[in-house]
Amino acid sequence: MSRVLLKFSFQFSGYIRHSSALSHTVIMTRTNLFHFPQRSFADDEKSRLPRLNEFGNVENKSKEVFLTVINGYDVREVHKRNHVEFIYGALKQMKDFGVERDLEVYKAIVNVMPKGRFVPRNFLQAEFMHFPKQQICIMHLLEQMEDNGVIPDAELGELLVNIIGERGYAVRRFMRMMYWMPKFSKLSPWPLPTEVPREPFDLAMLAVKRITSVDPSTVISVFSTRDVEDSIDDTWIISGQSPVQQELLASHNKKSPVYIEGAFRIWLRKSSVYYFVLRGDPRPPPDPVETDFDDVSSFSAGNIFRPPVSEVAVQPSVHEQEDGVFYAVCCTGSSGKDSLLSWVRLMQKTNPILGEVPILFKFSSPNRDIVTTDGKNMDGGDQSKTDSQKQDDETAGGNR
Amino acid sequence: MNLVRFFGRIIPNDAHNLCGNIRQNYTIARNVHTSVVCSHFTFHETKREPKDDLNTVQHIWRGMNMLKDEVRMWKDEVSEAVKTDPLFLFPGNVDKVFKFNEPNALHSWIATADQDNKDGYSSCEFFIDENQKGVFQGFLTQTVPKDGERTRAGYCNLKSVKKRKSFKRESKFEWGMYTHLVLRVRGDGRSYMINLHTPGYYDVFWNDLYQFVLYTRGGPYWQVSKIPFSKFFLSSKGKIQDFQYGPSLDDITNISFTMVDKIEGPFKLEIDYIGVELDPNHSETSAYEMYKLPRGMANS
């Protein structure tokens, strides 16, 4: 300790001022310039060692506690010792406290840095990254914000300018984030809330709404399997079917079967939902009419304003895709076969044809898609094969 | 090189390794060099091909086999040039560049995951399914390999092979007259990245990419995404560049799709076609406005 003080006194020996606030020791007067808190060095030397894990001993992990710890550091460390290490520690702990998407907390962390100390005095200092350790630390913080999709605001920019100056590299990174992130945050044509609901029912509702957004006239109905006699599962069914699809189903060829296919996966941010489709065989598109525009033999003046009758065909609806006609889509609470049977029965009330056509299940269990994501099982590298599973076809009598 | 030929004989043990590794026991008639001879001078190579263990005869044989296809290709090019068929573009017509209903379609795409580069544990594959659609699927994992260097992982990529002319000459897509990229895809709700590769002559431009996001709806319905080329932003080695300008559409050599959405799990993207379209009402070249930086600030 004495060595440290000697070093201080040696370094600043030219700047000694006489202060009215007298200290306990002679040496202390020589360093009074720094306005140390008036306490002895010896008794709390241990407490001034860098605390590597400020957030480790906290029990109740919440935003308030997190901010309290930051505030505690701010108050305790007058000279902001080890603030870079403190910030790195805080960044690591943010996820545990559930504040990794909170801009206010990021601002509080940045606020720990001393203002004005790192601001370069000339452009050469600025261009050669004045105080690189501190700037890189802020850039790591900004990177974590970007990874979590937190868009910075002007207040954070003001903070950064006060800390590292307006030409700092971290400020340039902040400017890039301010330029690009708002441009992309609202770009998706199928917008989702930043936090998708955790409740499976709400998630499935979101999925069905997203799938059926191709047809705005879709009616989404919620069923319960309890309404069906002798159903085994007790769960909910979210079913989406538009009037167009009802018409298509009504005109379905009764000799060809209708398939219930699944489970397919749709992703909503970090959650995935399984859905099932009611599909019929693809219908051939209307025959393209071969017309020879150069042939004027059958030209007559009266036909100019009338389209030729043979070329008129009904425009196929969006539900008539080349791999099938999709009659309905659903998500169920259990994704089980029994709940799908209940779905067919409930649909039969509005689509009586379902009682007359054979229904074929092309069903692959979604459970087989679940793969552990820890490193142990990654070496095989054949996770993608799980999608191409065997599909067990099963007829479920046509008289339901 | 010429000097070596004139003044002595050199036995390099490895043609790819340069100055450093040339064996020292060469015989020189007249000792003119005091330092190690540099057999040839080169920078990094854009195309790193694995070394093959073929002898001269096998090389010739392979070359002759290649010749057949190359001549056929060259014949098509010549007949195409002789016809001088002008390109007529009609607004609303999509010129399909990549389709997957041909048997050779599979050979013009390469699927790579970080596992292949020892960067991670993701895996992916590309195949053509029974409906003659290209399917890019796999499993994205963000587990970082414990090698002490990498800090993040998880990418899968599907890249078209470099466009070329006959006799292995380099070529580029001629999309300068078009304004939109049109894709008919069926995804799973995840977002993919579309990359247009425009590698330049100098090595700083080799990694130039024009990127944009391909959002997918998910579900059984196909979607047609029509993206203006002006929306693509320039990036290099994964970093968006500060100076943005629209892609030079006559310099595109490859197109690729990347799955990097930081979500662990399986993904699947079905592609029907990739095409280009002209919209005469679209005059924008770059959608990204530029600001003047403060004086003296180096662009970094």
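**Notes on the chain B domain interface and Glu100(A)**

1. Across the interface of domain 1 of chain B and domain 2 of chain B, five residue pairs, both at pLDDT 80 or more, are in polar contact (a pair of N or O atoms within 3.5 Å; within protein, one must be able to donate a hydrogen and the other to accept it, and residues adjacent in sequence count only if both atoms are side-chain atoms). Bear in mind that this is a predicted model, where local features need pLDDT of at least 70 and side-chain atom pairs count only at pLDDT 80 or more, while totals for chains, interfaces and linings use all residues. Residues are numbered from 1 along each chain as its sequence is written, and side-chain values use heavy atoms, leaving out hydrogens and water.

2. The rule also picks out two salt bridges across this interface (a side-chain nitrogen of Lys or Arg within 4 Å of a carboxyl oxygen of Asp or Glu). Glu70(B) forms a salt bridge with Arg164(B), with 3.0 Å between the closest N and O atoms.

3. As for the bounds, domain 1 of chain B covers 52–84 and domain 2 covers 93–278, as set by an automatic or database domain assignment. Their C-alpha centres lie 28 Å apart.

4. Between them the two domains bury about 550 Å², 61% of it on carbon and sulfur atoms (accessible area, 1.4 Å probe, that two parts lose on being put together, summed over both). On the domain 1 side, Glu70(B), Met73(B) and Glu77(B) lose the most area, together 68% of what that side buries.

5. Over in chain A, Glu100(A) is buried at 18% relative accessible area (buried means under 20%, 1.4 Å probe, protein chains only). The C-alpha atoms of Glu100(A) and Met145(A) are separated by 7.6 Å, though 45 residues apart along the chain.

Note on methods
Chains are lettered from A and ligands numbered from 1 in the order in which they are written. Buried means under 20% relative accessible area, exposed over 50%, partly exposed in between (1.4 Å probe, protein chains only).
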